[in-house]
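Got the model open in your viewer? Keep a selection box handy, and let's take a walk through it stop by stop.

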Amino acid sequence: MHPTALRNEVAPIQQESDMLWLRQLVRRYAVELGFNVLNQTKIVTAASELGRNTLIHGLGGHLRIEIRQKGSQQGLCLTFEDRGPGIKDIEKALTDGFTTGKGMGLGLGGAKRLMNEFDISPREGGGTIITVTRWV
């Protein structure tokens with residue numbers, strides 16, 4: 001059964017100040033869906049990591065946030081899309097400790113562990129699309 005998008009919103013990720021607003025937006029949706037505080041924190045942490053990757057490594061982009069329905073279950077789906085150079089080796093990028101920047105190399109793998117579903121793919125014309133979902 002494919003999930004159905006019930007509602008969505010798009011937020012730009014172009015500058016550092018967008019990150020604060022992004023975290024607040026994601027938390028608002030998580031609260032609305034009834035996630036407990038622990039799962040709200042997991043979702044916001046994953047969104048923060050992926051948003052920062054979009055801004056720094058992806059040279060900016062946007063977040064599409066969706067409330068999805070699959071059967072009787074609802075979930076929060078976050079899609080990060082950037083216009084950067086893309087990820088040359090996705091498997092390596094998901095390995096803890098691997099980084100192309102100054103971080104600890106835990107962002108992508110950590111975001112994957114915090115969510116129920118994780119997908120990463122190249123964007124047509126350059127860049128990367130990362131989609132994560134957490135079900136209530």
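The tour goes from the whole chain to the sheet, then to the helices, and ends at a single glycine.

**Before you click**

This is a predicted model, in which local features need pLDDT of at least 70 and side-chain atom pairs count only at pLDDT 80 or more, while totals for chains, interfaces and linings use all residues. Residues are numbered from 1 along each chain as its sequence is written, and side-chain values use heavy atoms, with hydrogens and water left out.

**Stop 1: the whole chain**

Show everything as a cartoon. You should find 4 helices and 5 strands; helices (H or I, at least four residues) and strands (E, at least two) are DSSP runs, numbered from the N terminus. Follow the chain from that end and the elements go β-α-α-β-β-α-α-β-β. The C-alpha trace spans about 40 × 35 × 30 Å along its principal axes.

How does the radius of gyration fit a compact globule of 136 residues? The rule puts such a globule near 14 Å, and the chain has 14 Å, so the two agree. (The radius is taken over C-alpha atoms, and the globule rule is 2.2 Å times the number of residues to the power 0.38.)

Colour by burial next: 41% of the 136 residues count as buried. Buried means under 20% relative accessible area, exposed over 50%, and partly exposed in between, with a 1.4 Å probe and protein chains only.

**Stop 2: the sheet**

Select the strands. The 5 of them make an open sheet in the order E1-E2-E3-E5-E4, with antiparallel pairing. Two strands pair if DSSP finds at least two bridges between them. Strand E1 (4-13) and E4 are at the edges with a single partner strand each, so one side of each has no neighbour in the sheet. On average, neighbouring strands here are turned by 15° against each other, direction ignored. For angles, axes are lines fitted to C-alpha atoms, for helices over the stretch in contact, and values run from 0 to 180 degrees between N-to-C directions.

Now zoom in on strand E5, residues 128-135. Is E5 largely enclosed or left open by the rest of the structure? Largely enclosed, because 7 of its 8 residues are buried. Its link to strand E3 (residues 73-82) is antiparallel and has 7 bridges; select Phe80 and you'll see Ile130 of E5 opposite. Strand E4 (residues 117-122) is joined to E5 by 6 bridges, also antiparallel. There, Asp119 faces Thr131, and Pro122 has Thr128 as its bridge partner.

Swing round to the turn of the E4–E5 hairpin, where 5 residues sit between the strands and Gly125 has a positive phi of about 90°.

**Stop 3: helix H1**

Pick residues 17-33. This helix, H1, lies across E1, E2 and E3, at about 165° to E1. Its buried residues are worth showing as sticks: Asp18, Met19, Leu22, Leu25, Val26, Tyr29, Ala30 and Leu33. They cover an arc of only 135° around the axis, so they are on the same side of H1; the arc is that of the directions from the helix axis to the C-beta atoms. They pack against E1, H2, E2 and E3, where contact means heavy atoms within 4.5 Å. Just after the helix, click Gly34, which takes a positive phi of about 90°.

**Stop 4: helices H2 and H4**

H2 has 20 residues and reaches 28 Å from first C-alpha to last, close to the 28 Å expected at 1.5 Å a residue. (That expected span is 1.5 Å times one less than the number of residues.) Its buried residues, including Ile43, Val44, Leu50 and Thr54, pack against E1, H1, E2, E3, H4 and E5. Then find H4 (residues 107-114), which lies across E4 and E5 at about 140° to E4.

**Last stop: Thr54 and Gly60**

Thr54 lies in H2 and is buried, with a relative accessible area of 3%. Among the residues it touches are Ile13, Gly60, His62 and Phe80.

Step along to Gly60, in the loop between H2 (37-56) and strand E2 (61-70). Why does Gly60 count as buried? Because its relative accessibility is 1%. Its contacts include Gln14, Thr54, Leu55 and Arg83. To finish, draw a distance line from Gly60 to Gly84: they are 24 residues apart in sequence and 7.4 Å apart in space, C-alpha to C-alpha.

Definitions and conventions:
Lists of a residue's contacts leave out its neighbours within four places in sequence.
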